[in-house]
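Reader: I've just opened this one and could use a guided tour. Can we go through it question by question?

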Amino acid sequence: MSVEHNTRKIEDGVVTDLSEKMSYGRYLDLDTLLSAQHPVSKPEHHDELLFIIQHQTSELWMKLAIHELVSARECLRNDELGAALKRIARVKHIQNVLTQQWSVLATLTPAEYAEFRGDLGNSSGFQSVQYRAIEFALGNKNERMLKVFESEPENYALLKKELESTTLYDEFLRLIARRGLYVPEEVLNRDVTKAYEANEELVATMTKIYENSTEYWDLYETCEALVDLEDNFQFWRFRHLRVVTRTIGMKIGTGGSSGVGFLQRALDLTFFPELFALRTEIGA
């Protein structure tokens, strides 16, 4: 078979003169995007590009996750539960992509990473403002994290705004209260700048939703969607922990954290405690 016969013909209708038209590259601003990788190792280490792209793509996906979570929160505030579930479903897919991405970084061996790790200085994923914004939006708030971004006014403002905003769970609990289900006043009027903490009285309400799922189907469905969000987040945390363990062992993190120990403790954090506590109550 000749090369000519194995070549797809460009159809006559395909636009090839894009000098004055919107093109794929201009729409996506690919000149900026693809020139944003700046390895700092000297001489440039082959694997540093992997390290940079892994984290840059994660930040892009996190940007979309924040976009969807903020919208989902607004939908709940407006009693648009179906639209909120659509946003949450998209976030769950984003979480799956973020978790799967760790397998690419896991191809970086300890010996390879050690050759350029020192060039990273104190830069660390600990300093990801978007990761912290997602944690805040879901309920794991920590005002002390603002200090990390004091030298970055835009990032500081972004995280402070999220600190002072209701969480996704806050808005869901307010919605079920508007539906006539019992939610303690101290939960509805809690200080939203603090991390969400479990309320024993609320467990009974959540149990009621599960035990009467036909009557409260959309609320029941939303509870399970939130459980999916938390499970996915924990899978991400665990995968991160395992990749760090296989790459740097028990070394101190570049940002000054204890590394593996710090990541291990994050697995004890929870976003929606009542949604897990009710599982002990059902059928007991």
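Reader: Where does methionine 22 lie?
Author: Helices here are DSSP runs of H or I with at least four residues, and strands are runs of E with at least two, numbered from the N terminus. Helix H1 covers 24-27. Methionine 22 sits in the segment before helix H1.

Reader: Is methionine 22 buried or exposed?
Author: Buried means under 20% relative accessible area, exposed over 50%, and partly exposed in between, with a 1.4 Å probe and protein chains only. Methionine 22 has 61% relative accessibility, so this residue counts as exposed.

Reader: Before we go on, what sort of model is this?
Author: It's a predicted model, where local features need pLDDT of at least 70, side-chain atom pairs count only at pLDDT 80 or more, and totals for chains, interfaces and linings use all residues. Residues are numbered from 1 along each chain as its sequence is written, and side-chain values use heavy atoms, leaving out hydrogens and water. So the answer is: predicted.

Reader: How many helices does the protein have?
Author: Read from the N terminus on, the elements go α-α-α-α-α-α-α-α-α-α-α-α-α. There are zero strands, and the helices come to 13.

Reader: What share of the residues is buried?
Author: The C-alpha atoms fill a box of roughly 70 × 55 × 40 Å along the principal axes. Of the 284 residues in the protein, the buried share is 42%.

Reader: Why is helix H8 largely enclosed by the rest of the structure?
Author: Helix H8 spans residues 168-178, eleven residues in total, and eight of them are buried, so the rest of the structure largely encloses this helix. Among the buried ones are Tyr169, Asp170, Glu171 and Phe172. The number behind the answer is eight of eleven.

Reader: Which residue has a side-chain oxygen that reaches a backbone nitrogen at the start of H8?
Author: The nitrogen belongs to tyrosine 169, and the oxygen comes to within 3.3 Å of it. That side-chain oxygen is from threonine 167.

Reader: Which residue forms a polar contact with aspartate 170?
Author: A polar contact is a pair of N or O atoms within 3.5 Å; within protein, one must be able to donate a hydrogen and the other to accept it, and residues adjacent in sequence count only if both atoms are side-chain atoms. Here the two side chains are joined at 2.8 Å. The partner is in the loop between H9 and H10, and its name is arginine 190.

Reader: How many salt bridges does the structure hold?
Author: A salt bridge is a side-chain nitrogen of Lys or Arg within 4 Å of a carboxyl oxygen of Asp or Glu. One of them pairs glutamate 68 with arginine 90 at 3.0 Å, N to O. Glutamate 68 lies in helix H3 (residues 48-77) and arginine 90 in helix H4 (residues 81-105), so the pair ties together parts 22 residues apart in sequence. The structure's salt bridges number 13.

Reader: How far apart in sequence are arginine 179 and aspartate 218?
Author: Their side chains meet in a salt bridge of 2.7 Å, N to O. The pair links distant parts of the chain, with arginine 179 in the loop between H8 and H9 and aspartate 218 in helix H11 (residues 217-248). The separation is 39 residues.

Reader: Which helix holds both glutamate 135 and arginine 132?
Author: These two form a salt bridge, with the closest N and O atoms 3.1 Å apart. Both residues are buried. They are three residues apart, about one turn of the helix, and that helix is H6 (residues 129-138).

Reader: Which peptide bond is cis?
Author: Most residues other than glycine have a negative phi, and most peptide bonds are trans. This bond has an omega near -5 degrees, and its proline is found in the loop between helix H2 (30-33) and H3. The cis bond runs from lysine 42 to proline 43.

Reader: What is the phi of aspartate 79?
Author: Aspartate 79 lies in the loop between H3 and H4 and is partly exposed at 46% relative accessible area. Its phi is positive although the residue is not a glycine, at near 60 degrees.
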